[in-house]
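Please read this briefing alongside the sequence and the coordinates. It moves from the overall fold to the pocket and then to selected residues.

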Amino acid sequence: MTGNGVDGTDGALIAPTRDDALAFLARAIGPDRAASTWVRAVAAAGVGSPGGELSVDEMLKVAERLAAEPGVVGVIGTSLVVRLRTYRLMASTQSEREKPRD
């Protein structure tokens, strides 16, 4: 994901992904701990599989699990929660603007 929430080609909004979350975690706690932390959070959230892509709602559940962790993992989780909620709000606002007017 780019820093502004768009993909850089056509301006479309894109949600934070599993890969984004793993990259943030890996920078803070290393790739091995990031992977195991992610697997535990996905299992605790009861969604999808740790290696698969998740919907925005599933990502939010995992992010909320991460946010409940102490230290830097919790900070990263909170950041993901904010980004995912912001994405949902912006996406719904954008779709409202794109509806045909009568």
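The points below are grouped by topic, beginning with the chain as a whole.

This is a predicted model, and the protein in it contains four helices and zero strands. Along the sequence the pattern therefore reads α-α-α-α, each run being a helix as assigned by DSSP.

**Overall architecture**

- Of the 102 residues in the protein, 32% are buried.
- Among the contacts with a separation of 6 or more, 46% join residues that are 24 or more positions apart in the sequence.
- The protein presents an accessible surface of about 6,200 Å², and carbon and sulfur atoms account for 54% of that surface.

**The largest pocket**

- The largest pocket encloses about 190 Å³ of space, and the elements that give two or more residues to its lining are α2 (31-45) and α3 (56-67).
- Helix α2 supplies the largest share of this lining, with six residues.
- The lining is made up of R33, S36, T37, R40, A41, A44, R65, L66, E69, P70 and V73.
- In chemical character, the lining residues of the largest pocket divide into five nonpolar, two polar and four charged.

**R18 in helix α1**

- R18 belongs to helix α1, which covers residues 18-29, and its side chain makes a polar contact of 2.8 Å with the side chain of D19.
- Is R18 buried or exposed? R18 counts as buried because its relative accessible area is 17%, which falls under the 20% cut-off for that class.
- When neighbours within four places in sequence are set aside, R18 is in contact with W38, P50, G51, G52, E53 and M59.
- One of these partners, E53, is 35 residues away from R18 along the chain, yet the C-alpha atoms of R18 and E53 are separated by 6.3 Å.

**L22 in helix α1**

- L22 is also found in helix α1, and L22 counts as buried because its relative accessibility is 17%, under the 20% limit that defines a buried residue.
- Which residues does L22 contact, leaving aside its neighbours within four places in sequence? The contacts of L22 are with A34, A35 and W38, and W38 also appears among the contacts of R18.
- A distance of 9.1 Å separates the C-alpha atoms of L22 and T37, two residues that lie 15 residues apart along the chain; T37 is one of the residues lining the largest pocket.

**V82 in helix α4**

- V82 has its place in helix α4, which covers residues 71-98.
- With a relative accessible area of 48%, V82 is classed as partly exposed, because this class takes in values between the 20% limit for buried residues and the 50% limit for exposed residues.
- The C-alpha atoms of V82 and E64 are separated by 9.9 Å, while the two residues are 18 residues apart along the chain.

Note on methods
Residues numbered from 1 in each chain as written. Predicted model: local features only at pLDDT ≥ 70, side-chain atom pairs only at ≥ 80, totals over all residues. Heavy atoms only, no water. Buried < 20%, exposed > 50% of the residue type's maximum accessible area, 1.4 Å probe, protein only. Contact = heavy atoms within 4.5 Å. Areas by Shrake-Rupley, 256 points an atom, 1.4 Å probe, with all protein chains shown as cover. Polar contact = N/O pair within 3.5 Å; in protein donor to acceptor, adjacent residues only side chain to side chain. 1 Å grid on protein atoms, 1.4 Å probe; cavity = no way out; pocket = protein on both sides within 12 Å on 5 of 7 lines; lining within 4 Å. Points joined across faces, edges and corners; volume = space filled by probe spheres on them. Nonpolar A, V, L, I, M, F, W, Y, C, P; charged D, E, K, R; others polar.
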